[in-house]
Amino acid sequence: MLLRLMPLILMGVLTLVTFWLVQKNTPPEKSTIERVRLHEPDYTITNGALSALNELGLTKYRILGNKVIHYDDDASIDILAPRMRLFQLDKPPVTVKSDTGHLDGDLTILDLIDNASIFRPAQAATATQAATLRMLASSTYFKVLINDDIIETNRPITLEQGMSTMHSNEGGKFNNIEQSMMLLGQVKGRIERAPRRAQ
């Protein structure tokens, strides 16, 4: 009787040994749940700078900050005391700044938060450009659309140009290519005529 069962016992033992060897030599399956990437800084730079060049190799814009904090999960950047300079050929550079800022991971949108301003210095007339007055626009928030050379806000804004001052509760839009500011909604203020130069 035992002799008749011997092939079955051997087959059972062989099956168990084969199963054990397969299990031992099979690499563990990769977890289907990836590590959750938390919104935590992966590096911080003190007095950091980020520059981009145009197709001619000239500086298109430069972003400076007292502290630059980069996040691993979405590649976004928080900036303490951000200052951005926008450059256009044959035009004065425009400076935008605020208390804090946030740059998205694609480097296309810079949010400027608290005490935000746009400053363009006065420029004397040249052979190709008319003279421009000093311009200062102030708001609690500006959004810089970097690729479009546009700075906009939907918050109240005050615009000073030369001796003139205007105010809008509905925001405005600055076009850096044209270096012009458009206020939206109802605008109140005073427009002063620029003093004439002595002939």
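Leu80 stands opposite Thr100 of strand 6, a pairing seen here in a predicted model. Strand 3 and strand 6, to which this pairing relates, run antiparallel and are joined over 4 bridges. The chain as a whole contains 1 helix and 14 strands, and 29% of its 199 residues count as buried.

**Strand 6 and its partners**

- Along strand 6, which covers residues 100–103, the side chains alternate, with Gly101 and Leu103 pointing to one face, where they are buried, and Thr100 and His102 pointing to the other, where they are not.
- In a regular strand, side chains alternate between the two faces of the sheet.
- Strand 6 is also joined to strand 7 by 4 bridges, and these two strands run antiparallel; within this pairing, Gly101 has Leu112 of strand 7 as its bridge partner.
- The hairpin formed by strand 6 and strand 7 has 5 residues between the strands, and in this hairpin Leu107 takes a positive phi near 60°.

**The largest nonpolar core**

- The largest nonpolar core has 27 residues, of which Met84, Leu110, Ile118, Phe142, Val144, Ile151 and Met181 touch the most other members.
- At least two residues of this core are supplied by each of strand 2 (59–71), strand 3 (77–80), strand 4 (83–86), strand 5 (94–97), strand 7 (109–120), strand 8 (135–145), strand 10 (157–161) and strand 13 (180–183).
- Val144, one of the core residues that touch the most other members, is in contact with Met84, Val96, Thr108, Ile109, Leu110, Leu112, Ile150 and Ile151 once its neighbours within four places in sequence are left aside.
- Leu112 therefore appears in two settings, as a contact of Val144 and as the bridge partner of Gly101, where the latter residue is buried because its relative accessible area is under 20%.

**Surface and overall contacts**

- Leu56, Leu58 and Leu89 form a nonpolar patch on the surface, and together they have about 330 Å² of accessible area.
- Leu89 is found in the loop between strand 4 and strand 5, and this residue counts as exposed because its relative accessible area is 60%, where the cut-off is over 50%.
- The accessible surface of the chain comes to about 13,800 Å², and carbon and sulfur atoms account for 58% of that surface.
- Among contacts between residues at least 6 apart in sequence, 41% join residues that are at least 24 apart.

Definitions and conventions:
Residues are numbered from 1 along each chain as its sequence is written. This is a predicted model: local features need pLDDT of at least 70, side-chain atom pairs count only at pLDDT 80 or more; totals for chains, interfaces and linings use all residues. Side-chain values use heavy atoms; hydrogens and water are left out. A nonpolar core is a set of buried Ala, Val, Leu, Ile, Met, Phe, Trp, Tyr and Cys residues joined through side-chain atoms within 4.5 Å. Buried means under 20% relative accessible area, exposed over 50%, partly exposed in between (1.4 Å probe, protein chains only). Contact means heavy atoms within 4.5 Å. Patches are made of residues with over 30% relative accessible area and no salt bridge: like charges are joined within 9 Å, nonpolar side chains (Val, Leu, Ile, Met, Phe, Trp, Tyr) within 5 Å. Accessible areas come from the Shrake-Rupley method with a 1.4 Å probe; for residues, only the protein chains shown count as cover. A salt bridge is a side-chain nitrogen of Lys or Arg within 4 Å of a carboxyl oxygen of Asp or Glu. Two strands pair if DSSP finds at least two bridges between them.
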